[in-house]
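Student: Please show me the structure, and then I will ask about its charged side chains.

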Amino acid sequence: MTQLGLPDDIQACLFDLDGVVTRTAVVHAAAWKETFDAFLLSHEGAAARPFDAVADYDEYVDGRPRADGVRAFLESRGIHLPEGTADDPPDALTVNGLGNRKNELLLERIRTGGVEAYEGTLRYLEAVRAEGLRTAIVSSSANCRDVLRAVDAEHFFDVRIDGVVAAERKLPGKPHPDTFLAAAHDLGVEPSRAAVFEDAQAGMDAGRAGGFGYVVGLDRVGQRDALYAHGASVVVADLDELGGKR
Ligand SMILES: [Mg+2]
């Protein structure tokens, strides 16, 4: 193992954004809760069980492309909505409409509440760059670039595979490994020589399915066992624990 806490044949590090680089999970969870609770109330009335911003968020929506998250959560409640199209208005009762509503609420929160970076991750990124490893940001978010700019972290990454790039290249999102594989490919590194850094169960699945050399699970919400069950090589609460301190 190197002083970065990685196997010594690792040549590239692939970082998820939300929950790994930035503290945006809580902002996403709140926007999802507001979206789903309003929908459930109108669909099922007062008896509807509200969206659980921890359990439902982790299991169904965290790390997935927006529409996939809507579909997965509604399916868990036995609800089926028409797909609609990507430009559905935010009040449309479709999978895309609910997704767009969530994005509208998210952008509002990012604009008004600001986004914070995890200091431990920024320190780790400095160390990774100093060691000469290549880096990519791999996020399902279509707002990835804005969020990176908001925390002045865009310069840390050689390659960006986000929701915008994935849509252009028609790459399925996490838990499929395709976005991470595209990042490794663009960096010119074999997946077995790349490490994945993720905080979501869907991200662990992607790391395992892609045959990556090492999968680091960031446990931000007390789901250590679930991250190991989904294929983490190691689970830490913060990247300071892993290494890179100089
Ligand atoms: Mg994440």
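The questions below deal with salt bridges in this predicted model.

Student: How many salt bridges does a search of the whole structure find?
Tutor: A pair counts when a side-chain nitrogen of Lys or Arg lies within 4 Å of a carboxyl oxygen of Asp or Glu. Searching the whole structure on that basis gives a total of 19.

Student: Which residue forms a salt bridge with Glu34?
Tutor: The closest N and O atoms of the pair are 3.2 Å apart. The bridge links distant parts of the chain, since Glu34 is in helix 1 (residues 25–44) and its partner is in helix 4 (residues 95–113), 75 residues apart. The partner of Glu34 is Arg109.

Student: Is Arg109 buried, partly exposed or exposed?
Tutor: Buried means under 20% relative accessible area, and exposed means over 50%. Arg109 has 28% relative accessibility, so this residue counts as partly exposed.

Student: How far apart are the closest N and O atoms of Asp186 and Arg169?
Tutor: Asp186 belongs to helix 8 (residues 178–187) and Arg169 to helix 7 (residues 163–169), with their positions 17 residues apart in numbering. Asp186 is partly exposed at 32% relative accessibility, and Arg169 is partly exposed at 42%. Their salt bridge has its closest N and O atoms at 2.8 Å.

Student: What separates Arg208 and Asp205 along helix 9?
Tutor: Their side chains meet in a salt bridge of 4.0 Å, N to O. Because the two are three residues apart in helix 9 (residues 201–209), the separation is about one helical turn.

Student: Which residues are linked with Lys174 in a network of salt bridges?
Tutor: The network joins Lys174 to two acidic residues. They are Asp16 and Glu198.

Notes
Residues numbered from 1 in each chain as written. Predicted model: local features only at pLDDT ≥ 70, side-chain atom pairs only at ≥ 80, totals over all residues. Heavy atoms only, no water. Helix = DSSP H or I, 4+ residues; strand = E, 2+ residues; numbered from the N terminus. Buried < 20%, exposed > 50% of the residue type's maximum accessible area, 1.4 Å probe, protein only.
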